[in-house]
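Here's a quick tour of how the strands in this protein line up with one another. Have the model open and follow along.

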Amino acid sequence: APSITNVQQLWSVRHQFFRTDDRVNILTAQGQLWADDEIRFHLFALQQCHQEHHAKFTNVNPRLCVLDPLIATSWIQTKGFDCSLWGRDHPEILNQGVPIITVVLVDQHWIPVFMNPVKEVLQVQTWDAPTVRHGDLDQVIHKLAESLGFADTLIQHEHRMFFTTHLCGALAIAFLRGVLIGTMLPGTSDEARDRKSTR
(Lines give C-alpha, C1' and ligand atoms only; values in the text may rest on other atoms or scores of the structure.)
Protein backbone atom coordinates (compact mmCIF):
# COMPACT_ATOMS: atom_id res chain seq x y z
CA ALA A 1 0.00 0.00 0.00
CA PRO A 2 1.27 3.51 -0.76
CA SER A 3 2.23 6.00 1.92
CA ILE A 4 -0.60 8.48 2.49
CA THR A 5 0.76 11.57 4.22
CA ASN A 6 -2.05 14.05 3.52
CA VAL A 7 -5.49 14.41 1.98
CA GLN A 8 -4.12 15.70 -1.32
CA GLN A 9 -2.02 12.58 -1.76
CA LEU A 10 -5.01 10.39 -0.96
CA TRP A 11 -7.11 12.12 -3.64
CA SER A 12 -4.25 11.82 -6.11
CA VAL A 13 -3.99 8.06 -5.56
CA ARG A 14 -7.77 7.58 -5.61
CA HIS A 15 -8.23 9.47 -8.87
CA GLN A 16 -5.93 7.43 -11.07
CA PHE A 17 -7.97 6.15 -13.99
CA PHE A 18 -7.42 3.07 -16.14
CA ARG A 19 -8.78 2.15 -19.53
CA THR A 20 -11.33 -0.65 -19.35
CA ASP A 21 -9.03 -3.15 -21.09
CA ASP A 22 -6.20 -2.34 -18.68
CA ARG A 23 -8.50 -2.72 -15.69
CA VAL A 24 -9.75 -6.13 -16.89
CA ASN A 25 -6.13 -7.28 -17.38
CA ILE A 26 -5.24 -6.13 -13.86
CA LEU A 27 -8.22 -7.96 -12.34
CA THR A 28 -7.32 -11.11 -14.27
CA ALA A 29 -3.72 -10.95 -13.04
CA GLN A 30 -4.84 -10.34 -9.45
CA GLY A 31 -6.86 -13.52 -9.39
CA GLN A 32 -8.45 -13.79 -5.95
CA LEU A 33 -6.65 -10.75 -4.54
CA TRP A 34 -8.62 -7.54 -3.98
CA ALA A 35 -6.93 -4.14 -4.31
CA ASP A 36 -7.74 -1.12 -2.17
CA ASP A 37 -10.01 0.40 -4.84
CA GLU A 38 -12.18 -2.73 -4.87
CA ILE A 39 -12.38 -2.70 -1.09
CA ARG A 40 -13.29 1.00 -1.16
CA PHE A 41 -16.01 0.39 -3.76
CA HIS A 42 -17.60 -2.28 -1.58
CA LEU A 43 -17.32 -0.16 1.59
CA PHE A 44 -19.25 2.69 0.01
CA ALA A 45 -21.79 0.24 -1.43
CA LEU A 46 -22.24 -1.11 2.11
CA GLN A 47 -22.79 2.40 3.40
CA GLN A 48 -25.62 2.87 0.91
CA CYS A 49 -27.12 -0.57 1.71
CA HIS A 50 -26.97 0.23 5.42
CA GLN A 51 -28.86 3.49 4.92
CA GLU A 52 -31.47 1.85 2.67
CA HIS A 53 -31.92 -1.05 5.10
CA HIS A 54 -32.57 1.24 8.05
CA ALA A 55 -34.81 3.57 6.05
CA LYS A 56 -36.93 0.56 5.04
CA PHE A 57 -37.29 -0.95 8.51
CA THR A 58 -36.93 1.97 10.93
CA ASN A 59 -37.66 5.14 8.91
CA VAL A 60 -34.29 6.41 10.15
CA ASN A 61 -31.34 7.40 7.98
CA PRO A 62 -28.40 6.54 10.26
CA ARG A 63 -24.95 7.96 9.75
CA LEU A 64 -22.02 5.67 9.01
CA CYS A 65 -18.40 6.73 8.56
CA VAL A 66 -16.34 4.90 5.93
CA LEU A 67 -12.63 5.13 6.75
CA ASP A 68 -10.62 4.82 3.55
CA PRO A 69 -8.61 1.55 3.53
CA LEU A 70 -5.51 3.39 2.29
CA ILE A 71 -5.58 5.73 5.28
CA ALA A 72 -6.21 2.95 7.80
CA THR A 73 -3.49 0.77 6.26
CA SER A 74 -0.98 3.63 6.26
CA TRP A 75 -1.57 4.02 10.01
CA ILE A 76 -0.80 0.34 10.62
CA GLN A 77 2.36 0.54 8.52
CA THR A 78 3.36 3.90 10.07
CA LYS A 79 3.71 5.37 6.58
CA GLY A 80 1.12 8.13 6.80
CA PHE A 81 -0.04 10.97 9.00
CA ASP A 82 -0.80 10.23 12.63
CA CYS A 83 -4.26 8.72 13.26
CA SER A 84 -4.75 11.21 16.11
CA LEU A 85 -5.05 14.02 13.54
CA TRP A 86 -7.96 12.22 11.88
CA GLY A 87 -9.54 11.51 15.25
CA ARG A 88 -9.45 15.14 16.35
CA ASP A 89 -11.09 16.16 13.05
CA HIS A 90 -14.08 13.84 13.63
CA PRO A 91 -15.79 14.79 16.93
CA GLU A 92 -19.14 13.60 15.49
CA ILE A 93 -18.04 9.98 16.01
CA LEU A 94 -18.35 10.37 19.80
CA ASN A 95 -20.86 13.22 19.95
CA GLN A 96 -23.40 11.63 17.59
CA GLY A 97 -22.48 7.96 18.03
CA VAL A 98 -21.44 7.46 14.40
CA PRO A 99 -20.10 3.93 13.68
CA ILE A 100 -16.96 3.50 11.56
CA ILE A 101 -16.24 0.75 9.04
CA THR A 102 -12.94 0.05 7.34
CA VAL A 103 -10.75 -2.75 6.06
CA VAL A 104 -7.03 -2.75 6.87
CA LEU A 105 -4.18 -4.47 5.04
CA VAL A 106 -1.86 -6.24 7.50
CA ASP A 107 0.90 -8.47 6.11
CA GLN A 108 -0.81 -8.58 2.68
CA HIS A 109 -4.06 -9.64 4.36
CA TRP A 110 -7.33 -7.66 4.57
CA ILE A 111 -8.90 -7.40 8.05
CA PRO A 112 -12.41 -5.92 8.50
CA VAL A 113 -12.89 -3.47 11.37
CA PHE A 114 -16.23 -2.31 12.77
CA MET A 115 -16.05 0.46 15.40
CA ASN A 116 -19.27 1.20 17.25
CA PRO A 117 -19.56 4.03 19.82
CA VAL A 118 -21.51 3.00 22.92
CA LYS A 119 -21.55 6.04 25.21
CA GLU A 120 -17.94 6.63 26.28
CA VAL A 121 -16.65 3.27 24.99
CA LEU A 122 -15.57 2.50 21.44
CA GLN A 123 -16.53 -1.13 20.84
CA VAL A 124 -14.51 -2.72 18.04
CA GLN A 125 -15.02 -6.02 16.20
CA THR A 126 -12.82 -7.83 13.70
CA TRP A 127 -13.27 -11.20 11.97
CA ASP A 128 -10.23 -13.08 10.85
CA ALA A 129 -8.24 -16.30 10.78
CA PRO A 130 -6.83 -17.08 14.24
CA THR A 131 -3.25 -17.07 12.94
CA VAL A 132 -3.19 -13.39 11.92
CA ARG A 133 -1.44 -10.95 14.27
CA HIS A 134 -3.43 -7.90 15.40
CA GLY A 135 -0.94 -6.18 17.70
CA ASP A 136 -0.21 -3.18 15.45
CA LEU A 137 -3.89 -2.84 14.57
CA ASP A 138 -4.87 -2.82 18.24
CA GLN A 139 -2.34 -0.08 19.00
CA VAL A 140 -3.74 2.13 16.25
CA ILE A 141 -7.33 1.49 17.39
CA HIS A 142 -6.51 2.48 20.99
CA LYS A 143 -4.72 5.64 19.85
CA LEU A 144 -7.54 6.54 17.48
CA ALA A 145 -10.20 5.98 20.17
CA GLU A 146 -8.32 8.22 22.58
CA SER A 147 -8.03 11.00 19.99
CA LEU A 148 -11.76 10.67 19.25
CA GLY A 149 -12.41 11.33 22.95
CA PHE A 150 -13.50 7.89 24.13
CA ALA A 151 -12.79 6.95 27.75
CA ASP A 152 -12.20 3.30 26.92
CA THR A 153 -11.86 0.84 24.03
CA LEU A 154 -13.16 -2.71 23.89
CA ILE A 155 -11.73 -4.85 21.06
CA GLN A 156 -13.21 -8.24 20.17
CA HIS A 157 -11.31 -10.36 17.64
CA GLU A 158 -13.69 -12.98 16.27
CA HIS A 159 -12.13 -15.97 14.53
CA ARG A 160 -13.48 -17.68 11.44
CA MET A 161 -14.43 -21.31 11.77
CA PHE A 162 -12.63 -22.21 8.54
CA PHE A 163 -9.01 -21.52 7.76
CA THR A 164 -8.72 -19.89 4.36
CA THR A 165 -6.87 -16.59 4.11
CA HIS A 166 -6.62 -16.15 0.33
CA LEU A 167 -10.22 -14.82 0.09
CA CYS A 168 -9.71 -12.18 2.77
CA GLY A 169 -11.12 -9.26 0.74
CA ALA A 170 -14.45 -10.96 0.09
CA LEU A 171 -14.57 -12.26 3.67
CA ALA A 172 -13.89 -8.79 5.09
CA ILE A 173 -16.79 -7.28 3.17
CA ALA A 174 -19.05 -10.22 4.09
CA PHE A 175 -18.31 -9.64 7.78
CA LEU A 176 -19.10 -5.92 7.61
CA ARG A 177 -22.29 -6.64 5.65
CA GLY A 178 -23.30 -9.11 8.38
CA VAL A 179 -22.65 -6.59 11.15
CA LEU A 180 -24.48 -3.75 9.40
CA ILE A 181 -27.40 -5.53 7.75
CA GLY A 182 -27.58 -8.93 9.42
CA THR A 183 -26.73 -11.16 6.46
CA MET A 184 -25.29 -14.60 7.12
CA LEU A 185 -21.53 -14.99 7.19
CA PRO A 186 -19.91 -17.54 4.90
CA GLY A 187 -19.24 -20.70 6.88
CA THR A 188 -16.98 -22.56 4.46
CA SER A 189 -14.31 -21.82 1.87
CA ASP A 190 -16.81 -22.67 -0.90
CA GLU A 191 -19.28 -20.08 0.39
CA ALA A 192 -16.44 -17.54 0.58
CA ARG A 193 -15.55 -18.25 -3.05
CA ASP A 194 -19.18 -17.64 -4.00
CA ARG A 195 -19.05 -14.21 -2.30
CA LYS A 196 -15.78 -13.41 -4.07
CA SER A 197 -17.25 -14.21 -7.47
CA THR A 198 -19.85 -11.44 -7.02
CA ARG A 199 -17.26 -8.70 -6.91
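Two strands count as paired if DSSP finds at least two bridges between them. This is a predicted model, so keep that in mind as you read. With that rule in hand, start at β3 and β4: they run antiparallel and are joined by six bridges, and one partnership to look for is Asn 116 with Gln 123 in β4.

**The β2–β3–β4 stretch**
- β2 (residues 100-105) and β3 (residues 110-118) are antiparallel too, with six bridges between them.
- Val 103 has Pro 112 as its bridge partner in β3.
- Four residues separate β2 from β3 in their hairpin, and Asp 107 in that turn has a positive phi of about 55 degrees.
- The β3–β4 hairpin has two residues in between, and here Lys 119 is the turn residue with a positive phi of about 55 degrees.

**Parallel pairings**
- β4 (residues 121-128) pairs with β5 (residues 152-159) in the parallel sense over eight bridges.
- Gln 123 turns up again here, with Leu 154 in β5 as its bridge partner.
- To get from β4 to β5, the chain passes through helix α7 (residues 135-148), making a right-handed β-α-β crossover.
- β1 (residues 65-66) lies parallel to β2 over two bridges, and Cys 65 is partnered by Ile 100.

**Burial of β2**
- Six of the six residues in β2 are buried.
- Side chains in a regular strand alternate between the two faces of the sheet.
- On one side of β2 sit Ile 100, Thr 102 and Val 104, on the other Ile 101, Val 103 and Leu 105, and both faces are covered.

Notes
Residues are numbered from 1 along each chain as its sequence is written. This is a predicted model: local features need pLDDT of at least 70, side-chain atom pairs count only at pLDDT 80 or more; totals for chains, interfaces and linings use all residues. Side-chain values use heavy atoms; hydrogens and water are left out. A crossover is right-handed if, with the strands pointing away from the viewer, the path from the first strand over the helix to the second runs clockwise. Buried means under 20% relative accessible area, exposed over 50%, partly exposed in between (1.4 Å probe, protein chains only).
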